[in-house]
Amino acid sequence: MSRATGPSEHVRKDSVDLRRYLSARMLPLVVLLAVLVSLSAPLAYFVLTVRTLRTRAEATAVQVASAISREIQDRPVLWRYDAYKLLAHIRAFTEETSIARIEIVDRSGVRVPLDDQPLGRRTGAEPLMWESAPIEINEQVVGHAWTGVVLDEARAGALLLLIPFGALGLGLASLIYFIPGRAMARATRRIDQSQAALARFNQTLEQQVAERSSQLSAAYTQLQAKEERLRELSSRALLLQEAERRVIARELHDSAGQALTAIRINLQIIAQLAEAGARGSEKVAGLAARTLTIADATLEEIRRAVSMLGPAILDDVGLVAAIQRLCDDLGERADTIIDCELDAPPASGLSPALESACYRVIQEALTNVARHARATRVVVRLALAPRKIHLEVHDNGRGFDPSPTRPAGSVGGRGLVGMRERVELLGGTLRIDSAPDMGTHVIVDLPQVTLSEDGDDTAVVVA
């Protein structure tokens with residue numbers, strides 16, 4: 001059964017291959033270093049020694065040539081035949097030098113026989129290194145003196161130096177080869193340990209990232225739930241606010257409004273009686289008239305407050321009829337053609353907050369049309385889907401720039417902000433498409449919540 005190879009085994013295999021690769025590349029350099037260290041000193045000694053021997057041979061050849069030149073001048077004819085005397089004279093130059101052989105050659109290249117015994121040391125068949133000097137008589141070359149030297153001294157000295165320097169070269173090469181190898185082995189072990197630790201850390205990091213991602217996902221889910229709950233609470237607050245406003249409006253309408261109406265009727269009766277009575281009652285009639293004027297102003301103020309607190313018309317005629325009245329009022333005041341496409345609410349009805357929001361949005365949009373648009377045609381649409389309410393108010397007026405950077409006090413300033421806040425508080429969206437001389441298109445989408453779906457009808461019951 002085969003065993004799976006782990007990451008650490010792959011790392012170790014790669015490290016061993018790297019060591020082998022570097023060792024193979026270092027081996028030629030190490031061998032070259034060993035050869036250079038081993039041969040540099042012996043070769044230098046051999047070259048210097050050979051140069052010295054060459055200089056000696058050349059000097060000896062010059063001395064021999066000079067001696068023979070003097071001999072020839074003394075005896076120009078007999079010098080060839082007086083061999084023993086010339087031989088003794090030449091041997092004086094070979095006793096104290098490393099000269100192995102001396103040869104005399106005439107101008108025609110024929111060797112002059114001096115003796116049967118060779119001059120200098122015996123060399124056997126060993127090759128010699130030769131140097132020559134011309135033999136001159138009256139500035140004419142009559143022959144050459146050749147001196148030959150053996151290289152035994154140079155070779156012996158070079159061999160003696162080769163042994164210690166060879167050992168030195170091998171030692172240095174071994175140090176250079178093995179010390180980096182050991183250091184590389186230690187570094188490889190450390191790298192293996194570091195990579196193993198890094199692999200463990202990566203595994204731990206992946207687990208930590210997974211756990212953190214799970215925590216972030218849970219936190220995001222909780223945040224979404226809290227945001228949804230906050231939206232529900234905001235909607236509930238708006239429902240309660242609308243219900244409270246309707247309660248206040250109804251109380252003002254039913255109690256204070258009726259009382260002021262009764263006061264007005266009584267004042268009318270007082271005024272009529274005062275007119276029918278004596279002249280002294282003229283003061284009473286005037287007071288009753290002034291009181292009647294105050295009562296009328298108070299009633300108008302109460303109606304305005306009731307209208308601000310909540311559209312009572314929604315309780316009286318319903319959402320569709322209230323919107324239709326808004327459209328009719330605009331058509332009568334601005335001489336504008338208005339097309340209304342209104343869907344009836346479901347049998348269970350809509351929440352007061354949704355009804356008020358729809359009414360207020362259309363009311364504000366139509367008010368802007370009447371004040372600023374100069375439109376000749378307006379389309380008002382109310383579409384009720386199973387889970388959504390769709391509103392549109394579209395006019396062919398002069399339009400405006402709906403960007404947030406428009407100047408203060410321009411068309412739709414605070415009114416549009418109020419519309420957007422009311423819609424977003426209920427979880428809806430508002431979009432305004434407009435441009436100068438291109439008309440205005442207000443589009444609103446609201447999530448539909450009926451009375452039975454809301455889950456808490458207390459506010460509606462109170463209203």
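**Exercise 1. Classify glycine 166: buried or exposed?**

Step 1. Take the cut-offs: buried is under 20% relative accessible area, exposed over 50%, partly exposed in between (1.4 Å probe, protein chains only).
Step 2. Glycine 166 has a relative accessible area of 12%, so glycine 166 is buried.
Step 3. Place glycine 166: it is found in helix α3. Helices (H or I, at least four residues) and strands (E, at least two) are DSSP runs, numbered from the N terminus.
Step 4. Add a distance. The C-alpha atoms of glycine 166 and leucine 36 are separated by 9.2 Å, with these positions 130 residues apart along the chain.

The model is predicted: local features need pLDDT of at least 70, side-chain atom pairs count only at pLDDT 80 or more, and totals for chains, interfaces and linings use all residues. Residues are numbered from 1 along each chain as its sequence is written, and side-chain values use heavy atoms, leaving out hydrogens and water.

**Exercise 2. Describe how helices α6 and α7 pack.**

Step 1. Two packed helices are described by the angle between their axes and the distance between the axes.
Step 2. Axes are lines fitted to C-alpha atoms, for helices over the stretch in contact, and angles run from 0 to 180 degrees between N-to-C directions.
Step 3. For α6 (residues 319-334) and α7 (residues 352-373), the angle is about 5° and the axes are 10 Å apart.
Step 4. Angles under 35 degrees count as roughly parallel, over 145 as roughly antiparallel, 65 to 115 as roughly perpendicular and the rest as oblique. The two helices, α6 and α7, are therefore roughly parallel.
Step 5. List contacts (heavy atoms within 4.5 Å). Residues of α6 including Leu319, Ile323 and Leu330 meet residues of α7, among them Tyr359, Ile362 and Leu366.

**Exercise 3. Find salt bridges and place their partners.**

Step 1. Apply the criterion: a side-chain nitrogen of Lys or Arg within 4 Å of a carboxyl oxygen of Asp or Glu. The whole structure yields 5 salt bridges.
Step 2. Arginine 54 and glutamate 131 meet at 2.5 Å, N to O. This pair links distant parts of the chain, helix α1 and strand β2 (residues 129-137), 77 residues apart.
Step 3. Compare exposure. Arginine 54 is partly exposed at 37%, whereas glutamate 131 is buried at 13%.
Step 4. Arginine 377 pairs with aspartate 339, closest N and O atoms 2.4 Å apart. Arginine 377 lies in strand β5 and aspartate 339 in strand β4, so the pair ties together parts 38 residues apart in sequence.
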